[in-house]
Amino acid sequence: MKLAAVVALAALVACASAPHPAPTSDATAELTARSAAWDSAIVRKDRAAIEANMADDFRQIDGSGKLETKKSFVEGVVDPELTIQPYTVEDFEIRRYGNVALLSGRTEMHGTYGKDSFTSHYRYIDIYVLGDAGWRIVSVQISKIPR
């Protein structure tokens with residue numbers, strides 16, 4: 001996988017170490033906890049935990065417009081060549097519309113792919129849907145923030 005693709009893939013990951021804002025409802029508390037747990041699982045490369053949070057028809061549109069599926073996303077994140085350092089999310093927000101929730105924020109990520117270091121500054125939006133299995137992430141969109 002090329003470094004640019006890895007940076008774009010890694011850029012969608014929300015914060016693994018930053019506290020999220022105080023929840024205002026049970027659903028918001030659950031989504032906040034689910035988001036933080038998924039972030040942590042990605043940094044740890046915990047495949048089972050990553051996949052458990054994702055809908056089977058998950059899609060990601062990265063900062064260059066490339067489409068990823070659940071399988072390609074997970075394979076990229078658990079790639080042994082990739083290391084993502086914990087980081088913080090700013091402007092974290094949850095907006096609910098019935099059984100759909102939009103989680104968004106802004107962050108700067110650092111890591112390595114093989115011997116190459118990378119930094120990615122971006123905004124993201126994670127879309128969760130409430131179904132029979134609970135809240136699951138169905139889509140992610142990231143947008144690079146120019147430096």
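These legends walk through several close-up views of a predicted model.

**View 1. The whole protein, with four helices and seven strands.**
Let's start with the overall layout. Along the sequence, the elements come in the order α-α-α-β-β-α-β-β-β-β-β. The protein has 147 residues, and 43% of them count as buried. Its exposed surface comes to about 7,300 Å², with 53% supplied by carbon and sulfur atoms. Among the contacts with a separation of 6 or more, 59% are between residues 24 or more positions apart.

**View 2. The largest nonpolar core, with 30 residues.**
Here is a good place to pause and look inside. Which residues touch the most other members of this core? They are Trp 38, Ile 50, Met 54, Phe 73 and Tyr 128. Helices H2 and H4 each give two or more residues to the core, and so do strands S1 (54-61), S3 (82-84), S4 (89-97), S5 (100-113), S6 (116-131) and S7 (134-144). H2 provides the largest share, five residues.

**View 3. Helix H4, residues 70-77, and its buried residues.**
Look for Lys 70, Phe 73, Val 74, Gly 76 and Val 77, the buried residues of this helix. They lie on the same side of H4, because the arc they cover around the axis is only 160°. One of them, Phe 73, is also among the residues that touch the most other members of the largest nonpolar core.

**View 4. Ser 40 in helix H2, residues 26-44.**
Is Ser 40 buried, exposed or partly exposed? Its relative accessible area is 23%, so Ser 40 counts as partly exposed, just as the 20% cut-off for buried residues requires. Ile 50 is ten residues from Ser 40 in sequence, and the two C-alpha atoms are 9.1 Å apart in space. You have met Ile 50 already, as one of the core residues that touch the most other members.

**View 5. Lys 45, in the loop between H2 and helix H3 (47-52).**
What stands out in the backbone here is a positive phi of about 65° at Lys 45, which is not a glycine. Lys 45 is partly exposed, and its relative accessible area is 27%.

**View 6. Asp 91, a residue of strand S4.**
Asp 91 is not a glycine, yet it has a positive phi of about 60°. With a relative accessibility of 47%, Asp 91 counts as partly exposed. Strand S4, where Asp 91 sits, is one of the elements that give two or more residues to the largest nonpolar core.

How values were computed
Residues are numbered from 1 along each chain as its sequence is written. This is a predicted model: local features need pLDDT of at least 70, side-chain atom pairs count only at pLDDT 80 or more; totals for chains, interfaces and linings use all residues. Side-chain values use heavy atoms; hydrogens and water are left out. Buried means under 20% relative accessible area, exposed over 50%, partly exposed in between (1.4 Å probe, protein chains only). Contact means heavy atoms within 4.5 Å. Accessible areas come from the Shrake-Rupley method with a 1.4 Å probe; for residues, only the protein chains shown count as cover. The arc is that of the directions from the helix axis to the C-beta atoms. A nonpolar core is a set of buried Ala, Val, Leu, Ile, Met, Phe, Trp, Tyr and Cys residues joined through side-chain atoms within 4.5 Å.
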